[in-house]
Amino acid sequence: MNPSTARHSRELMPLLVALFVAILLLFIGGAAQTVILSLLLAYILDPLATALEARGMSRTLAVVVVVLLLSCLVVGAGFILVPVIFEQMQALQSGSTTEQASLAIKEIEVSLKSQLGFLGLGDMDLLGRIREFKTSIGERMFSFLLSDSLSLIIHGVTIPFMMFFFLKDGREMKKALVSMVPNRYFEFTLDLLYKMDTQMGNYLRGQFIDALVFGAMSIIALWILGVNYFVFLGIFAGLANLIPYVGPIAGVIPAAAVAILGSGSLGSAVPVIVAYFALKLIDDFVVVPYVVASSVEMHPVLVLVAIMIGGELFGILGMLLAVPVTGFFKVVLKEGISTYRKYRFT
Amino acid sequence: MTDFRARVFGYRRKHKQDEALRAILERIPIFEGFSQRELAALERFIHRREYLPEEVIIRQDEPGLGMYILQSGEAVVLTGRDEVQLSRLSDGDFFGEVSLLDETPRSATVVAKTHCQILGFFQSDLFGLMERDPRFGVKIVIRVAKIIGDRLRKANQQVLTLNEQLLQATHKSPVTPP
């Protein structure tokens, strides 16, 4: 092996190790989710730590303050929201359906039978099925919270712990990563990282704030309309709003269904649908232009495929993470190609 | 305590490296007169690179991202297709500082002539520093602007001198310098 080849092999070795670690992370799903979530949170909260640093705090103290603030917020929200969510889930689990709702469901069943009789529909027992479905949702959620409580506690400790170090030592980690890159590709890597950081940072922070605002608006709207389980449904709508195209529809369906079952009239779904439509308009024309500084444009087909793959691999969390992860790879490719063209690599 | 840290963590070696780095930074006009705290803060953004003889450090026409300081070793500055040598750089010399403010392509190629240890300070890090510590960031920007201003004045002086020489040679009216 000549000295030049040896030098290149030596320089490329750390990169191969980093690639191996990345592939390993991808295969051990749970750990990868924890790392990705911690990284995302650190990324979203970095400007807050930076702002505190600009006011004269050391980086460590700024990060400690941010983590403490976040912990207080989560614990405070937990104290307020958890009893409400539990209460609403218990009501959901009991499977109780009002008399009016039972009548409405029976009416729907009769109407379906008369209008779609040619399809040979027999006894559908819609009421029984809906009760069964409601009970099973509640049961699943309870069993998830109880059986996975250990995993939730572990995540509750590991995610803030990892986030703390990503926030505190993120710059040094990036510097150490860049130091492994061979001299010829060093400036290119630095350039690419900076562009990715700017684009992804704006995108992720924007999406996070948008989900918070949409969730809060949904909770208020559903509360005003007197829809049951409004906290639960509002949080769901906020999270679903993170998923383009599918999310807004997925957010309105359960709320409309709960409104119908609660009042017993099909018409009660109308104000819910109108409210969600209005919220989506406010979100698209007022909130998004303010909070999402730069959007990472993605083709609808790409988004849908990414959501399906994310759901297949990691469930609901995978669906939520699919869009930012795809956005990340899109930015890497787009910026990578445009930056690569500026350098005369041979 | 220090001995224990030196044995266990290699603390002393790191400490000596930091002192050497600060001594080099202090000699660079951009960082001249900076306090030890400011130099220590700056250290966190400095990238250390090593180049072998004949390895290209920066290439003409490629994007300029920041400045380089030659910690040790020798390098040459080349320009044009024929790679005409403009100057020779040695310990403590620096180049590419304009790229801290401007993203225009590099105006020359720099090639290592001996084994070189180089320190890099980049625009993205300067922007980050300006967000975290605006006063310190602006201090660096003003120093870079002053150096560029000095160079412009020298360039103007050279244009004037050349203009006078041209005038004497051709007996024509003087041309206004840029």
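How many C-beta neighbours does Tyr343(A) have inside 10 Å, and does that make Tyr343(A) buried, exposed or partly exposed? Keep that question in mind while you set up the view, and remember throughout that what you have open is a predicted model.

**First stop: chain A as a whole**

Select chain A and colour it by secondary structure, and you will find eleven helices and zero strands, so that you meet one helix after another when you read along the sequence. Of the 346 residues in this chain, 22% count as buried. If you turn on contacts between residues at least 6 apart in sequence, 69% of those in chain A join residues at least 24 apart.

**Second stop: helices 7 and 8 of chain A**

Now select residues 183–225 of chain A, which form helix 7, together with residues 230–240, which form helix 8; the two pack at an angle of about 150°, and their axes are 7 Å apart. With that angle, helix 7 of chain A is roughly antiparallel to helix 8 of chain A, and their crossing is right-handed. To see where they meet, show side chains on helix 7 of chain A, including Phe214(A), Ile219(A), Leu222(A) and Trp223(A), and on helix 8 of chain A, including Phe230(A), Val231(A), Leu233(A) and Ile235(A). Taken by class, the residues of this contact between helix 7 and helix 8 of chain A are twelve nonpolar and four polar, with no charged residues.

**Third stop: Tyr343(A)**

Move on to Tyr343(A), which you will find in the segment after helix 11 of chain A, the helix that spans 300–342. Here the opening question can be settled: Tyr343(A) has 15 C-beta neighbours inside 10 Å and therefore counts as partly exposed, since a buried residue would need 20 or more and an exposed one would have 12 or fewer. Add Arg184(A) to the selection and draw a C-alpha to C-alpha distance to Tyr343(A), which comes to 9.7 Å although the two are 159 residues apart in sequence. Setting aside neighbours within four places in sequence, Tyr343(A) is in contact with Phe188(A) and also with Glu62(B), and the second of these leads across to the other chain.

**Fourth stop: where the chains meet**

Select the residues of chain B that touch chain A: there are 15 of them, in contact with 16 residues of chain A. Strand 1 of chain B and helix 4 of chain B, residues 123–132, each supply at least two residues of this side. By class, the chain B side has eight charged, five nonpolar and two polar residues.

**Fifth stop: the sheet of chain B**

Strand 1 also belongs to an open sheet of four strands in chain B, which run in the order 1-8-3-6 with antiparallel pairing. Strand 1 (47–51) and strand 6 (94–95) of chain B each have a single partner strand, so they stand at the edges and one side of each is left without a neighbour in the sheet. Within the sheet, select residues 66–72 and 116–122 of chain B, which are strands 3 and 8, and follow their antiparallel pairing over six bridges. Tyr68(B) is a useful marker here, as it stands opposite Gly120(B) in strand 8 of chain B.

**Last stop: helices 4 and 5 of chain B**

Finally, return to helix 4 of chain B and add helix 5 of chain B, residues 134–170; their axes come within 5 Å and cross at roughly 140°, and the two helices are therefore oblique to each other. Leu126(B), Leu129(B) and Met130(B) in helix 4 of chain B meet residues of helix 5 of chain B, among them Pro134(B), Phe136(B) and Ile140(B). The classes in this contact of helix 4 with helix 5 of chain B are seven nonpolar, one polar and no charged residues.

How values were computed. Residues numbered from 1 in each chain as written. Chains lettered and ligands numbered in written order. Predicted model: local features only at pLDDT ≥ 70, side-chain atom pairs only at ≥ 80, totals over all residues. Pairing = 2+ DSSP bridges. Contact = placed C-beta atoms within 7 Å. Nonpolar A, V, L, I, M, F, W, Y, C, P; charged D, E, K, R; others polar. Axes fitted to C-alpha atoms, helices over the stretch in contact; angles between N-to-C directions. Parallel < 35°, antiparallel > 145°, perpendicular 65-115°, else oblique. Left-handed = near helix turned anticlockwise from the far one by under 90°.
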